[in-house]
Amino acid sequence: MSLSERNKVKVRICNQEYVFLSPAEPEHLQHLARLVDERIHEFMQRDSRLGIAQAAIMAAITFADSMLTTQEKADQLQAQLEAMQSEQANLETQLKRAKAKAAKRAKRKGRR
């Protein structure tokens, strides 16, 4: 991706300006910056002894934990989906066999 395909976005986190070059929409990056800023301020309000760097690290750990938890849930759902797809394929195979048997029985009855 070339630099021309990226958006240049300025955001403020803890009264400091940061510039990002990203393919993401500016509104998305601004939303993320607000979330980070809010989380840092939450930690700083809970413990007034925390500096910005410490609160930022705590916010990062919180976001990382949330991300990993979400990824684990997604992995579990993917495994469930794959198991269900396998079971569906198995049931479809059984249904085809049952239909084939029923068709054979119907043919035999028709010959008599």
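**Group meeting talk: contacts and charges in a predicted model**

Apart from residues within four places of it in sequence, Lys 8 makes contact with Val 19, Phe 20 and Leu 21. I begin with this residue, and I should say at once that the structure before us is a predicted model. Lys 8 belongs to strand S1, which covers residues 7-13. Its relative accessible area is 62%, so Lys 8 is classed as exposed. A further distance helps to place the residue: the C-alpha atoms of Lys 8 and Ser 22 are 6.7 Å apart, although 14 residues separate the two along the chain.

Let us now follow the chain beyond strand S1. Cys 14 sits in the loop between S1 and strand S2, the latter being residues 16-22. Asn 15 is located in the loop between S1 and S2 as well. What is notable about the phi angle of Cys 14? The angle is near 55°, a positive value in a residue that is not glycine. For Asn 15, phi is also positive, at about 60°, and this residue is not a glycine either. Are these two loop residues buried or exposed? Cys 14 has a relative accessible area of 9%, and it is therefore buried. Asn 15, by contrast, reaches 65% and is therefore exposed.

Cys 14 leads us to the next residue, Asp 37. Setting aside residues up to four places away in sequence, Asp 37 touches Arg 12, Ile 13 and Cys 14. Asp 37 itself lies in helix H1. This acidic residue is buried, yet it has no salt bridge. Which side chain of opposite charge is nearest to Asp 37? That side chain belongs to Arg 12, at a distance of 8.2 Å. Since a salt bridge requires a side-chain nitrogen of Lys or Arg within 4 Å of a carboxyl oxygen of Asp or Glu, I mention that cut-off before turning to the pairs that do satisfy it.

How many salt bridges are counted in the model? The count is three. In one of them, Arg 39 pairs with Glu 42, and the closest N and O atoms are 3.6 Å apart. Arg 39 and Glu 42 are three residues apart in helix H1, which spans residues 26-46, so about one helical turn separates them. Another pairs Arg 46 with Glu 42, with 3.9 Å between the closest N and O atoms. Arg 46 and Glu 42 are both in helix H1 as well, four residues apart, which is about one turn of the helix.

How accessible are the residues in these two pairs? Arg 39 has a relative accessible area of 24%, so it is partly exposed. Glu 42, at 33%, is also partly exposed. Arg 46 has a value of 62% and is therefore exposed.

The remaining pair to describe is Asp 47 with Arg 49, where the closest N and O atoms are 3.0 Å apart. Through shared partners, salt bridges join Arg 39, Glu 42 and Arg 46 into one network. Returning to Asp 47, its relative accessibility of 24% is the reason why it counts as partly exposed. Arg 49, with a relative accessible area of 73%, is exposed.

I come now to helix H2, which comprises residues 52-111 and includes Lys 104. Met 58 is in helix H2 too. Which residues does Met 58 touch, when those up to four places away in sequence are not counted? They are Phe 43 and Leu 50. Met 58 has a relative accessibility of 34%, so it counts as partly exposed. As a point of reference, Met 58 and Ala 24 are 34 residues apart in sequence, and their C-alpha atoms are 25 Å apart in space.

Finally, let us consider the surface charge. Arg 97, Lys 101, Lys 104, Arg 105, Arg 108 and Lys 109 form a positive surface patch. One of its members, Lys 104, has a relative accessible area of 54% and is therefore exposed.

To close, I would draw attention to two items. Asp 37 is buried without a salt bridge, whereas Arg 39, Glu 42 and Arg 46 are joined by salt bridges into one network. Thank you for your attention.

Conventions. Residues numbered from 1 in each chain as written. Predicted model: local features only at pLDDT ≥ 70, side-chain atom pairs only at ≥ 80, totals over all residues. Heavy atoms only, no water. Patch = residues over 30% accessible without salt bridge, like charges linked within 9 Å, V, L, I, M, F, W, Y side chains within 5 Å. Areas by Shrake-Rupley, 256 points an atom, 1.4 Å probe, with all protein chains shown as cover. Lys, Arg positive; Asp, Glu negative; His and termini not counted. Charge placed at Lys NZ, Arg CZ, Asp CG, Glu CD. Helix = DSSP H or I, 4+ residues; strand = E, 2+ residues; numbered from the N terminus. Buried < 20%, exposed > 50% of the residue type's maximum accessible area, 1.4 Å probe, protein only. Contact = heavy atoms within 4.5 Å.
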